[in-house]
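Subject: A structure for you to explore

Hello,

Here is the structure I promised to pass on to you. Have a look at it first, and then read my notes below with the picture still open.

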Amino acid sequence: MEGGGIDESKDEGIWAGKPGDLRLIAREGDAAPGAPDGTLFSGFGTFAINASGTVAILGGAGGPATPGIWATDDAGQLQLVALTDTRAKIGDQEVTTTGLFMLGHSGGQDGRGTSLNDNDELVFTAIFDGLSTIVRTPLRRFVVNSTADTPDPTPGDGDPSTGGNNSQG
């Protein structure tokens, strides 16, 4: 990017949309959503976009040694998926995320591998204390302003918490 207010700390960005209707998804030097306060994007590596326009990016946050993965929600806003140097509990063990990797630069329609499919499922590699793990997560959990009421289970619906009895009487 070039222009007023642009220097080498703010000259990278990820844009998405249709021709004539591009929108800025993330820009170097902007706050990294979901990361600790004061954490800024420091650059971008791999990215993926699917047919519905969902975007996933692997970007540097706060420095090149602190990568994270972000994806857009239903409103097109970035949400944090994973961040290195963070603690997580896997089973009964506390581990530190020490690395993140994802395939990108393709929507999959060209036959190349991608981390983001058209069902809004993201697959990436996470390294926890030196052990590599493949992570698959549905991005539909990033629903903006979800206030839909969920009906309570009722007897006879097969739900074990209500007796799970489908019989009448």
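Let me begin at the surface, where Trp15, Leu22 and Leu24 form a nonpolar patch. Together these three residues have about 310 Å² of accessible area. Please keep in mind as you read that this is a predicted model.

To find the patch, look for strand β1, which covers residues 13-18 and holds tryptophan 15. Is tryptophan 15 buried, exposed or partly exposed? Its relative accessible area is 46%, so tryptophan 15 counts as partly exposed; the partly exposed class runs between 20% and 50%.

**The chain as a whole**

The chain has 10 strands and 0 helices. Read from the N terminus, its elements run β-β-β-β-β-β-β-β-β-β. Of the 169 residues in the chain, 34% are buried. About 10300 Å² of the chain is exposed, and carbon and sulfur atoms supply 50% of that area. Among contacts with a separation of 6 or more, 35% are between residues 24 or more positions apart.

**A buried residue in a loop**

Next, please find threonine 39, in the loop between β2 (21-27) and β3 (41-49). Threonine 39 has a relative accessible area of 14%, so this residue is buried, as buried means under 20%. Which residues is threonine 39 in contact with, leaving aside its neighbours within four places in sequence? They are Asp30, Ala31, Ala32, Ala61 and Gly62.

**The sheet of four strands**

Now move along the chain to an open sheet of 4 strands, with the order β7-β8-β9-β10 and antiparallel pairing. Which strands stand at the edges of this sheet? They are β7 (87-90) and β10 (131-138); each has a single partner strand, so one side of each is left without a neighbour in the sheet. On average, and with direction ignored, neighbouring strands of this sheet are turned by 50° against each other. As a reminder, strands of a sheet pair through backbone hydrogen bonds, either parallel or antiparallel.

Strand β9 (residues 121-128) pairs with β10 in the antiparallel sense over 8 bridges. You can follow the pairing residue by residue: phenylalanine 124 stands opposite valine 135 in β10, and valine 123 stands opposite arginine 136 in β10. The two strands β9 and β10 form a hairpin with 2 residues between them. In the turn, aspartate 129 has a positive phi of about 50°.

**Two salt bridges**

How many salt bridges does the structure hold? There are 2. In general, side chains of opposite charge can pair when their charged atoms come close.

One salt bridge joins arginine 87 and glutamate 94, with the closest N and O atoms 3.7 Å apart. Glutamate 94 counts as partly exposed, at 47% relative accessibility.

Another joins glutamate 121 and arginine 136, whose closest N and O atoms are 2.7 Å apart. Because glutamate 121 lies in strand β9 and arginine 136 in strand β10, this pair ties together parts that are 15 residues apart in sequence. Which of these two partners is buried, and which is exposed? Glutamate 121 counts as buried, at 15% relative accessibility, whereas arginine 136 counts as exposed, at 59%.

Enjoy turning the model around, and do write back with your questions.

Best wishes

How values were computed. Residues numbered from 1 in each chain as written. Predicted model: local features only at pLDDT ≥ 70, side-chain atom pairs only at ≥ 80, totals over all residues. Heavy atoms only, no water. Patch = residues over 30% accessible without salt bridge, like charges linked within 9 Å, V, L, I, M, F, W, Y side chains within 5 Å. Areas by Shrake-Rupley, 256 points an atom, 1.4 Å probe, with all protein chains shown as cover. Salt bridge = Lys/Arg side-chain N within 4 Å of Asp/Glu carboxyl O. Buried < 20%, exposed > 50% of the residue type's maximum accessible area, 1.4 Å probe, protein only. Contact = heavy atoms within 4.5 Å. Pairing = 2+ DSSP bridges. Axes fitted to C-alpha atoms, helices over the stretch in contact; angles between N-to-C directions.
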